[in-house]
Structures are given as structure tokens and as C-alpha cells.
Amino acid sequence: MDMEKKDGKPVTDKTLDEWASAFENGEWPAGKTVILGRPRLATEEVQSVTVRLPRSKVLALERKASERGLDRSKALREAIDEYLAHA
């Protein structure tokens, strides 16, 4: 898989060398550093919570989340936030 810059031009070995040199010399533009992985969910420590549900509810949850463009975890976090806001 070839990597491309935002402008669609390919990232070459020369490009990578130029970027590495700029970063090492402190010339890398602020806000241009790429952080790999998913963004943090919170500023505090996060904890995993496990819940057991009937398969039919899991499938319904996944279907509903998908309809809204969410994954299962995001849909559950939103449901919990809503519950806590109105509890």
C-alpha cells in the first residue's frame, strides 16, 4: 500500500528523509505531528466494563448503532451518558 500526502502526491523516501530532518531540527510545524491509534476517550484513567446480554439484544444494538454510523462501544457510551444525565 502506497502512502499519499494530503495533496495526493506520493510519500517517497526523499519525503520521509525531509520530514525526519525537519522534525529532528525542531522545524516541524506545530500541530502537524500524527499520533497513531484511536483518540483518548477521557482525560482520566479509563476502565473496561463487561455486561452480559442476550444475543438478540447485542444484534439489535449493533444494527441500531450501525444505522447511526456508530460502533457498538460508542453507542453504549452515548446511552450511558444519556442515562447519567437524566438519572
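What is the volume of the largest pocket? Hi everyone, let's start there today. The largest pocket comes to about 770 Å³. Please keep in mind as we go that this is a predicted model.

So, who lines that pocket? There are 19 lining residues. Lying nearest the centre are Val49, Ser73, Leu76, Arg77 and Ile80, so do look for those five names on the screen. If we sort the lining by class, we get 10 nonpolar residues, four polar ones and five charged ones.

Which helices supply at least two residues each to this lining? They are helix H2, running over 55–67, and helix H3, running over 72–85. H3 gives the most, with seven residues.

Now let's step back and look at the whole chain. Its secondary structure is three helices and zero strands, and reading along the sequence you meet the pattern α-α-α. How does the chain compare with a compact globule? Its radius of gyration is 21 Å, while the globule rule gives 12 Å for 87 residues. The chain's value is well over that, so the chain is more spread out than a compact globule. For the overall dimensions, the C-alpha trace spans about 55 × 30 × 20 Å along its principal axes.

Next, the charged contacts. Side chains of opposite charge can pair when their charged atoms come close. This structure holds four salt bridges, and I'd like to show you one of them, between the side chains of Glu62 and Arg72, at 3.0 Å from N to O. Why is this pair worth pointing out on the screen? Glu62 sits in helix H2 and Arg72 in helix H3, so the salt bridge ties together parts that are 10 residues apart in sequence. You have met both helices already, since H2 and H3 each supply at least two residues to the lining of the largest pocket.

One last stop, on the surface. Which residues make the nonpolar patch of about 280 Å²? They are Met3, Leu16 and Trp19. To find Met3, look in the segment before helix H1, which covers 13–24.

That's my tour, thanks for listening!

Definitions and conventions
Residues numbered from 1 in each chain as written. Predicted model: local features only at pLDDT ≥ 70, side-chain atom pairs only at ≥ 80, totals over all residues. Heavy atoms only, no water. 1 Å grid on protein atoms, 1.4 Å probe; cavity = no way out; pocket = protein on both sides within 12 Å on 5 of 7 lines; lining within 4 Å. Points joined across faces, edges and corners; volume = space filled by probe spheres on them. Helix = DSSP H or I, 4+ residues; strand = E, 2+ residues; numbered from the N terminus. Nonpolar A, V, L, I, M, F, W, Y, C, P; charged D, E, K, R; others polar. Patch = residues over 30% accessible without salt bridge, like charges linked within 9 Å, V, L, I, M, F, W, Y side chains within 5 Å. Areas by Shrake-Rupley, 256 points an atom, 1.4 Å probe, with all protein chains shown as cover. Rg over C-alpha atoms; globule rule 2.2 N^0.38 Å.
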